[in-house]
Amino acid sequence: MKRAWRRRGVGTALLEAAEDWARKQGFTELGSDTWAHNRASIKGHHAAGFRTKERIVYFVKRLRR
């Protein structure tokens, strides 16, 4: 999210709407992800009640032709 929009309640309002929708659909859990280096997002997720479930590492290998 652009810094100019942070701390204005936009993310909270969107998350609350998503949670309400998910509850009405019968879901009992909501998932999300972010980059491991995105500290602002991680902090925001924790503030919104998310907990870290696990961390993963993706690998890629270039193949020579």
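**Aromatic pair, overall dimensions and largest pocket**

Trp21 is exposed, its relative accessible area being 51%, which lies over the 50% cut-off for that class. This value, like those that follow, was computed on a predicted model. Phe27 reaches 48% relative accessibility and is therefore assigned to the partly exposed class, since exposed residues must be over 50%. The structure contains 1 aromatic pair. The pair is formed by the rings of Trp21 and Phe27, whose centres are 6.1 Å apart and whose planes meet at 25°, so the arrangement is classed as stacked. The centre distance falls within the 6.5 Å limit for pairing, and planes under 30 degrees apart satisfy the criterion for stacking. In general, two numbers describe such a contact, namely the distance of the ring centres and the angle of the planes.

At the level of secondary structure, the protein chain comprises 2 helices and 0 strands. The helices are α1, covering 10-24, and α2, covering 39-47. Ala40 is located in helix α2. With a relative accessible area of 43%, Ala40 is partly exposed. The C-alpha atoms of Ala40 and Leu63 are separated by 35 Å in space, and the two residues by 23 positions in sequence.

The overall dimensions were examined next. The radius of gyration of the protein chain is 16 Å, whereas a compact globule of 65 residues would have a value near 11 Å. The C-alpha trace extends over about 50 × 35 × 20 Å along its principal axes. Of the 65 residues, 9% count as buried, the class for relative accessible areas under 20%. The exposed surface of the protein chain amounts to about 7,100 Å². Carbon and sulfur atoms account for 53% of that surface.

Empty space around the atoms was also analysed. Rolling a probe the size of a water molecule over the atoms reveals where such space remains. The largest pocket encloses about 1,100 Å³. It is lined by 27 residues, of which Ser32, Asp33, Thr34, Lys53 and Glu54 are the closest to its centre. Helices α1 and α2 are the elements that contribute two or more residues to this lining. By residue class, the lining of the largest pocket consists of 11 nonpolar, 8 polar and 8 charged residues.

Conventions. Residues numbered from 1 in each chain as written. Predicted model: local features only at pLDDT ≥ 70, side-chain atom pairs only at ≥ 80, totals over all residues. Heavy atoms only, no water. 1 Å grid on protein atoms, 1.4 Å probe; cavity = no way out; pocket = protein on both sides within 12 Å on 5 of 7 lines; lining within 4 Å. Points joined across faces, edges and corners; volume = space filled by probe spheres on them. Helix = DSSP H or I, 4+ residues; strand = E, 2+ residues; numbered from the N terminus. Nonpolar A, V, L, I, M, F, W, Y, C, P; charged D, E, K, R; others polar. Rg over C-alpha atoms; globule rule 2.2 N^0.38 Å. Buried < 20%, exposed > 50% of the residue type's maximum accessible area, 1.4 Å probe, protein only. Areas by Shrake-Rupley, 256 points an atom, 1.4 Å probe, with all protein chains shown as cover. Phe/Tyr/Trp six-rings, centres within 6.5 Å; stacked < 30°, edge-to-face > 60°.
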